[in-house]
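I opened my notebook for another round of looking things up. Here is what I wrote down, entry by entry.

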Amino acid sequence: MKQKLNPKHFRYPKKHALGLLLFFLATQLALSQQKFTLNGYVKDAENGEELIGVTVYVKELKTGSATNVYGFYALSLPVGEYNITYSSIGYQPVVQTVLLNADLEMNVELPVLITQMDEIVVTDKAIDANVTDIKMSRNEINVKQVKRLPALFGEPDIIKTIQMLPGVASAGEGTSSFFVRGGSADQNLILIDEAPIYDPSHLFGLFSVFNADVIKESELYKGGIPSRFGGRLSSILEVRTKDGNNKKFTGNGGIGSLASRVMLEGPIKKDKSSFILSARRSYVDVFLKAAGEENSVHFYDVNAKVNWKHNNNNRFFAALYLGRDVFDFDDTFGFDWGNATATFRWNHLFNSKLFSNTTLIASNFDYKMELDDDAQGFEWTSNIRELTFKEDLNYFLNPSNEFNFGYHISYRSFDPGVIKPSSDKSLFTRTELQEEFALDHAFYADHQLKVSNKLTFLYGARLSIFQSIGKSDVYLYENPTDNIDVVRTDTLSYDRFENIKTFVNFEPRFSARYIVNPRSSVKVSYNRMVQNTHLISAGTVPIPFNTWAPTSYYLDPQLADQVAAGYFRNLKDNAYELSAEVYYKDIDNVTDFADNARIFFNQDLSTEYRQGDSWSYGLELMLKKNEGKFTGFTSYTWSRTERKIPGVNIDQPFLANYDRRHNFNIVGTYEYNDKWVFGANFTYTTGRPITLPSGKYEFEGYQVDLISERNGFQLPDYHRLDLSATLTPRKNKGKKLQGSWVFSIYNAYSRKNAFTIYTQNKEDADENPIRNEKEARLIYLFPILPSVTYNVKF
């Protein structure tokens, strides 16, 4: 007979029961407080490209994060089961249910949203980023929309679109230069795959160096600039090229009025490695040769990139850009210029929270001019070279705390020019300007702190250490600012890598965002920027034959402090984005030159330097429509930029020569049906200031222009309308080879917009100059210009 066990027969010491209870509660508490990390990459399901800025949202905790510029995300969350939503404009949201009880790697692919507007709305961006993102004074350029807009000679160009953004001004027609919030053109840092581009123009600015077919993402930072960026005062234009389709082989190309292009991409090993290769060339020289002309004018550029995924913790990328312009006139006179860059990147994941990007960069810009003539022949060359190492790290502590920090170092050589005679009979003698060298170090760190669902801060700093180094000679002068009667008193000689002078500058950065309600927010920012690379130019528009110089014995770093505040609102379920920003920028040691300065081949160029102050302030408004058959934006900017530089304009303040009081733009595309898409641009700006003679005086029998005020005159107002129509035949559907036509009209009503004005002696009926009488002549570039481009993809 079995004996039943009676619980009463057992005795449990009360202290043991209490201990078990405490152990159980402590275990549960520890588990509830313990956090694990969910991380991975988000990609485009169609081509395998990593997506930037994708929202990763945790429904249960009402928190989240976004993928970084390399498509990586990380979230540290308590133990539990969560529904994670991955979303971005133009892609179908993906929801993943995860049980998080250990660190988990989850890579996600987002399918493209198939709608009538899929060619326009696809972009790596959160739907409500205009309101929720802490970044302000930042514009993303939608390349897919740029391709639908009217373009000069039918060539899509992101620079031309950037020139129509709020806070951005153009130097004039047919130029790739742009001016941001009162800064000069050389104060913009232009990057392609993290490598600097020193001249972004082809054919003197008719086209830019950026081939729209290979661009993955492009962003312009005008303020609130993250601490990982430095080296320029006014803006950062960051362009990233595609990595290459790792799913299948594809390609596209285009035949335009002045240039043609082709792009190929595909997997080297599916889902493991891929490549992309593109080439573009103009063929003006072909037309000239066919017409019997001896002149030759053309440009070309090549983009290439390969990437390899060793495993989820290690990825490698190598990118190359090579571009050049060639002008050859009658085989006697010619010049050419170009950029070349190479980038190697290694993305490494140390652990679930720490992400690293290690980069090696090489960049070169050079130009050459030559005249083949026995008596006056010469060859003139110049270049600037740069080698850079960067280590950037992201630490994702938790959804409320993200840290970014790193170290950058660049070695630069500045060769301002060498001129050589082309023959023994030439009147030129070999002249070589002194080459200069520099080391540029930067340490940076910032912290993004989410205080609450409404309030977020991003604060940090950058420490810039710039060294002017040898091998070099420094001339000492009796009066360093006397550019008329130059008297050298001594020479200081420095060996290779010997330090000449060191400049240390601290650059604080701060941004804040407060969400007023789900549809609106206010943002403020402050940043200090330092620039140690100076453009040697006396003109408004940088031309390829300008040179660059480093901060040195006689040239101080330029410093800029900018504050900005803005109101951001989304309307009609995020279909519209509205923003209004005001800013004030103050620049110290802005670089200019003495009146009538001799810039080229001056061994004593340092006596021409003049540095002073500049200030700018303005209001920027923008309304953007993201959805529907009609998409686009309208922008308006009111701004004022002045300078005051000792020794210039009789020490009186003067307007910068790129100051434009009013700037109004409309950009739009309309999808009429699945066959036709129409586009239009309209721009209006007030004329920029210009320096012209206000009179004349006689000196030793000669009439000499009298300049009473720098930039004391103003060009006429500028306005222009461009139109386009894109035809995609319906027979394309289901075909591997698909074609489309783009018809454009540049300057539709043939406005004669002034490029510049110059003065000359009046002429009589026989075209002979009239003594002591002068007149102003206006130069304009383009009347109405129609163009046709045929595009194909497969």
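**Entry 1: a buried arginine and its partner**

I started with Arg-240, which counts as buried because its relative accessibility is 5%, under the 20% cut-off. This is a predicted model, so I took every value as computed from it. Which residue does the side chain of Arg-240 meet in a salt bridge? I found Glu-194, at 3.6 Å from N to O. Arg-240 sits in strand 17 (residues 235-241) and Glu-194 in the loop between strand 12 (188-192) and strand 13 (195-196), so the salt bridge ties together parts 46 residues apart in sequence. I checked the partner too: Glu-194 is buried, with 7% relative accessibility.

**Entry 2: the sheet around strand 17**

Next I asked how the strands here are arranged. I noted an open sheet of 5 strands with mixed pairing, in the order 9-16-17-12-13. Strand 9 and strand 13 are the edge strands, each pairing on one side only. I then looked at strand 12 and strand 17, which run parallel and are joined by 5 bridges. Which residue of strand 17 is the bridge partner of Ile-192? I wrote down Val-239.

**Entry 3: two more salt bridges**

How many salt bridges does the structure hold? The count came to 38, and I picked out two more pairs.

I looked up Arg-528 and Asp-561, whose side chains meet in a salt bridge at 2.9 Å, N to O. This pair links distant parts of the chain, with Arg-528 in strand 33 (residues 520-531) and Asp-561 in strand 36 (residues 558-571), 33 residues apart. Is each of these two buried or partly exposed? Arg-528 is partly exposed, because its relative accessible area of 22% falls between the 20% and 50% cut-offs. Asp-561 counts as buried at 18% relative accessibility.

Then I turned to Asp-592 and Arg-710, which form a salt bridge with their closest N and O atoms 3.3 Å apart. Here too distant parts of the chain are linked: Asp-592 belongs to strand 37 (residues 576-593), while Arg-710 is in the loop between strand 45 (702-706) and strand 46 (713-714), 118 residues apart. I have Asp-592 down as buried at 11% relative accessibility, and Arg-710 as buried with a relative accessible area of 17%.

I also noted a network of salt bridges that links Lys-147, Glu-155, Asp-213, Arg-261, Arg-280 and Asp-301.

**Entry 4: backbone oddities**

I finished with the backbone. Most residues other than glycine have a negative phi, and most peptide bonds are trans, so I went looking for exceptions.

Ser-137 is one: its phi is positive, about 55°, although it is not a glycine. I placed Ser-137 in the loop between helix 3 (129-132) and strand 9 (138-140). Buried or exposed? Ser-137 counts as buried, at 1% relative accessibility.

Lys-62 also has a positive phi, near 50°. Lys-62 lies in the loop between strand 2 (55-58) and strand 3 (63-66). I found Lys-62 to be exposed, because its relative accessible area of 57% is over the 50% cut-off.

Where did I find a cis peptide bond? It runs from Gly-470 to Lys-471, with omega near 20°. Lys-471 is in the loop between strand 29 (455-469) and strand 30 (472-477).

Definitions and conventions:
Residues numbered from 1 in each chain as written. Predicted model: local features only at pLDDT ≥ 70, side-chain atom pairs only at ≥ 80, totals over all residues. Heavy atoms only, no water. Helix = DSSP H or I, 4+ residues; strand = E, 2+ residues; numbered from the N terminus. Buried < 20%, exposed > 50% of the residue type's maximum accessible area, 1.4 Å probe, protein only. Salt bridge = Lys/Arg side-chain N within 4 Å of Asp/Glu carboxyl O. Pairing = 2+ DSSP bridges.
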